[in-house]
Each structure stands twice: as structure tokens, then as C-alpha cells.
Amino acid sequence: MTRTQPAIVYMHGLNSSPLSQKASQLTAAMERIGSIDRLRVPALHHHPRQAIAQLDAAIVELGRPVLVGSSLGGYYATHLAERHGLKALLINPAVTPHRHFDGYLGPQTNLYTGEAWELTEDHVTALAELEVPPPQDAERYQVWLQTGDETLDYRHAASFYQGCAVRIQAGGDHGFQGFAERVPALLAFSGFDPASFAELDFSDS
């Protein structure tokens, strides 16, 4: 039985897109190591049920990919990792987003595409349906947090994922400063051969 090739599904956050900085940097890195065919970065629908359907399709296509999720994408990644028994690397992840949308219901605009849409109670209900308990198989997770996150309180994630490999960096922001320099660690966690990127510098991507 042949081992499945390493693969990654990257999940962006709310009102973000595959054009975001981290998604773009990861895409560039996968191109440089010749594995772009093993990466999927779906342009996620704003409604959670449709986003999860997109992600399920990407998981089926790639086999058993590692899930990389930022912000709301981290919440999605946790749900899917628990449901499918997959590894996940979470970057400033949202923990219980459905409990924090008070005052945010109504018109929204995607920061990258300009798409206008409406955040409704049904979005919140759908997010609540995805909630899972803290992971029991801690070895399947890495969680990268920066204390300067201006959108989410990093302490919520630090507590929720306390049994996992949690790396807390002072400063930074919600976008996670210095992501490019950490791409080799992400690739190694995902199962790619370190020899394929040992000599590469991703900091300029």
C-alpha cells in the first residue's frame, strides 16, 4: 500500500480570500517546492454550510490532507479535523465565533473581492452547529498565536487548545506577522520532505 502524498487545504478567514497574504505566501512556497498540485485554497462562501461543503470536497479530492486554517478558517479546520481524524495547523483561530457576533449582524463586504453580503442569524446558527469539544488527540494539532491579535483574544485559543502544541509569540497581529519565515515548519508538519525546502528562503515571498 503506497503512502498518500502530503497535501494541504488552506482555509482563509471571514471576509478574506485566496488573495490574502498568508494564502499567497503558502501558494508561492508550494510552487517553489514543486508541489502546487497538492495544495487547495478554496474561495470560501460566506455561509458556513456552503464553506464546509467546499472544504469537504477538497478533502475528498486530496485524500488525507493537513488542514491549515486562519481565524474563522481555524474554526472550520478544527471541526473538519475532528470529523475526519486529520492533522490541523491553526493560525490565530476563532474558537466560538457564533458567540461573538453581537452587533455584527447585517451588511458585510469581503476585503479582497468587494463582494457585499448579509451576515444573518442563520450564519450564526450554522457556525454553532460546527462547535466541537477541545481536541483529545493533541498530537494532530499545532496552534500558532500572537498576543498582539487585535481581532481575537489569543487567550481563548490558548485555553481551548491547551493540550496541543501551542506556540505563543509576543506582539504580532491578527494577520500573523512573520508567517513566511514559518512556512518550513508548516511544510514539515504537513509531511513534506525537509530536503525539498531546506535550502529555500521563503521570507521574501
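**Exercise 1. In which loop is the place of Asn 92? Work out its burial and its phi too.**

This is a predicted model, so treat every value below as computed from it.

Step 1: Find the residue. Asn 92 sits in the loop between β4 and β5 (106-109).

Step 2: Check the burial. Its relative accessible area is 2%, under the 20% cut-off, so Asn 92 is buried.

Step 3: Look at the backbone. Asn 92 has a phi near 40 degrees, which is positive although the residue is not glycine. As background, most residues other than glycine have a negative phi.

**Exercise 2. Do the same for Phe 176: which loop is it in, and is it buried or exposed?**

Step 1: Phe 176 belongs to the loop between β8 (165-169) and α6 (183-190).

Step 2: With a relative accessible area of 2%, Phe 176 is buried.

Step 3: Phi of Phe 176 is near 70 degrees, again a positive value in a residue other than glycine.

**Exercise 3. Describe how α2 and α3 cross.**

Step 1: Pick your descriptors. Two packed helices are described by the angle between their axes and the distance between the axes.

Step 2: Read them off. The axes of α2 (residues 48-62) and α3 (residues 72-84) come within 11 Å, with a crossing angle of roughly 50 degrees.

Step 3: Classify the angle. It falls outside the parallel, antiparallel and perpendicular ranges, so α2 and α3 are oblique to each other. The crossing is right-handed.

Step 4: List who meets whom. From α2 come Pro 48, Ala 51, Ile 52, Leu 55, Asp 56 and Ile 59; from α3 come Tyr 76, His 79, Leu 80, Arg 83 and His 84. By class, that contact has seven nonpolar, two polar and two charged residues.

**Exercise 4. Which members of the largest nonpolar core touch the most other members?**

Step 1: The core has 36 residues, and the best-connected ones are Met 11, Leu 55, Leu 67, Tyr 76 and Tyr 161. Elements giving it two or more residues include β1 (8-11), α2, α3 and β7 (141-146).

Step 2: Zoom in on Leu 55. Skipping neighbours within four places in sequence, Leu 55 contacts Val 9, Met 11, Pro 42, Leu 44, Tyr 76 and Leu 80.

Step 3: Don't merge the cores. Another one, of 23 residues, lies apart from the largest, with Ile 8, Leu 89, Phe 189 and Phe 197 among its members.

**Exercise 5. What is Thr 78 in contact with, leaving aside neighbours within four places in sequence?**

Step 1: Thr 78 is in helix α3, and its 2% relative accessibility makes it buried.

Step 2: Its contacts beyond those neighbours are Leu 90, Val 132, Tyr 141 and Tyr 161.

Conventions: Residues are numbered from 1 along each chain as its sequence is written. This is a predicted model: local features need pLDDT of at least 70, side-chain atom pairs count only at pLDDT 80 or more; totals for chains, interfaces and linings use all residues. Side-chain values use heavy atoms; hydrogens and water are left out. Axes are lines fitted to C-alpha atoms, for helices over the stretch in contact, and angles run from 0 to 180 degrees between N-to-C directions. Helices (H or I, at least four residues) and strands (E, at least two) are DSSP runs, numbered from the N terminus. Angles under 35 degrees count as roughly parallel, over 145 as roughly antiparallel, 65 to 115 as roughly perpendicular and the rest as oblique. A crossing is left-handed if the near helix is turned anticlockwise from the far one by less than a right angle, and right-handed if clockwise. Contact means heavy atoms within 4.5 Å. Ala, Val, Leu, Ile, Met, Phe, Trp, Tyr, Cys and Pro count as nonpolar, Asp, Glu, Lys and Arg as charged, and the others, Gly among them, as polar. A nonpolar core is a set of buried Ala, Val, Leu, Ile, Met, Phe, Trp, Tyr and Cys residues joined through side-chain atoms within 4.5 Å. Buried means under 20% relative accessible area, exposed over 50%, partly exposed in between (1.4 Å probe, protein chains only).
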